[in-house]
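Student: I am new to this structure and would like to understand how its descriptive terms are earned. Could we go through them one at a time?

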Amino acid sequence: MNNEDKHWKKDFPINRSEANQVSRRDFAKLLRVISGGMVLGNGIIASKAFLSKEQTVFEKQKICNKKDIPVGGTKSFVLANEEVPYILIHTEEGQFYAYEQKCTHLSCAVYYKPGTMKIECPCHNGYFDVKTGHVLQGPPPRPLKKLEVIIEAEAIFVVHPKSTTI
Ligand code: FES
């Protein structure tokens with residue numbers, strides 16, 4: 001070691017082990033800042049969720065007129081702003097029922113089997129009760145999603161729930 005090196009070390013003494021501790025300390029500080037930010041972010045999200053209220057409103061949508069569906073016939077439709085297909089059924093008993101047209105097993109399209117009061121899924125021989133949507137036979141695990149049907153004079157409406165945030 002020459003004289004120049006000694007002079008430099010004397011002016012700027014650095015203890016190697018202390019230098020490592022400072023680095024760990026900085027890292028711990030960084031972790032504290034990051035976790036503090038995460039706690040703050042979660043707090044903001046939680047308070048937003050607490051303050052905003054979700055409300056379910058019911059919308060009524062006209063599908064068609066009674067004369068548009070013969071006895072034993074059906075009409076497919078979609079709800080406003082949705083793409084899921086639904087089916088409106090006019091049974092031999094003169095009643096109207098509306099269901100989501102997707103089987104609850106593997107989402108095949110279901111259809112009404114005229115004269116049987118049953119909705120059939122041809123994929124795996126699943127059957128549903130046309131009055132309730134409950135499973136009568138086959139692998140479907142749940143009933144079909146049912147919509148309320150309202151008749152006003154000659155017009156047929158369905159009522160469906162819609163969630164909105166206020
Ligand atoms: S998809 Fe309907 S019974 Fe399997």
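Student: Why is Ala-153 called exposed?

Tutor: A residue is buried if 20 or more other C-beta atoms lie within 10 Å of its own, exposed if 12 or fewer, and partly exposed in between, with the C-beta atoms placed from the backbone. Ala-153 has 6 other C-beta atoms within 10 Å, so it is exposed. Please keep in mind that this is a predicted model, in which local features need pLDDT of at least 70 and side-chain atom pairs count only at pLDDT 80 or more, while totals for chains, interfaces and linings use all residues. Residues are numbered from 1 along each chain as its sequence is written.

Student: Where is Ala-153 found, and what is its phi?

Tutor: Ala-153 lies in the loop between strand E9 (146-152) and E10, where strands (E, at least two residues) and helices (H or I, at least four residues) are DSSP runs numbered from the N terminus. Its phi is near 55 degrees, a positive value in a residue other than glycine.

Student: What makes Met-117 partly exposed?

Tutor: Met-117 has 17 other C-beta atoms within 10 Å, and it is therefore partly exposed. Met-117 sits in the loop between E5 and E6, and its phi, near 60 degrees, is again positive in a residue other than glycine.

Student: How do you know which class Lys-146 belongs to?

Tutor: Lys-146, which is found in strand E9, has 17 C-beta neighbours inside 10 Å and so counts as partly exposed. Setting aside neighbours within four places in sequence, Lys-146 is in contact with Ala-98, Tyr-99 and Gly-133, where contact means that two C-beta atoms, placed from the backbone, lie within 7 Å.

Student: What makes strand E3 largely enclosed by the rest of the structure?

Tutor: Five of the six residues of E3 are buried, and therefore the strand is largely enclosed by the rest of the structure. For the whole protein chain, 15% of the 166 residues count as buried.

Student: Which elements give two or more residues to the largest nonpolar core, and which residues have the most contacts inside it?

Tutor: A nonpolar core is a set of buried Ala, Val, Leu, Ile, Met, Phe, Trp, Tyr and Cys residues joined through C-beta atoms within 7 Å. The largest one here has 20 residues, and those with the most contacts inside it are Ile-87, Leu-88, Ile-89, Ala-98, Tyr-99, Val-110 and Ile-119. Two or more residues each come from strand E3 (85-90), strand E4 (96-100), strand E6 (118-121) and strand E10 (155-165), and the largest share, four residues, is that of E3. Leaving aside neighbours within four places in sequence, the contacts of Tyr-99 include Tyr-86, Ile-87 and Ile-119.

Student: How do you know that E3 is paired with E2 and with E4?

Tutor: Two strands pair if DSSP finds at least two bridges between them. Strand E2 (residues 74-78) and E3 pair in the antiparallel sense over five bridges, and five bridges also join E3 to E4, which run antiparallel. In the first pair the bridge partner of Phe-77 is Tyr-86 in E3, and in the second His-90 stands opposite Phe-96 in E4. E2 and E3 form a hairpin with six residues between them, where Asn-81 in the turn has a positive phi of about 65 degrees. The hairpin of E3 and E4 has five residues between the strands, and Gly-94 takes a positive phi near 85 degrees.

Student: Why are E5 and E8 said to stand at the edges of their sheet?

Tutor: That open sheet has four strands in the order E5-E6-E7-E8, with antiparallel pairing. Strand E5 (111-113) and strand E8 (135-137) each have a single partner strand, so one side of each is left without a neighbour in the sheet.

Student: What joins the strands of this sheet?

Tutor: Three bridges join E5 to E6, four join E6 to E7, and two link E7 and E8. Among the partners, Glu-120 stands opposite Tyr-127 in E7, and Tyr-127 has Gln-137 as its bridge partner in E8.
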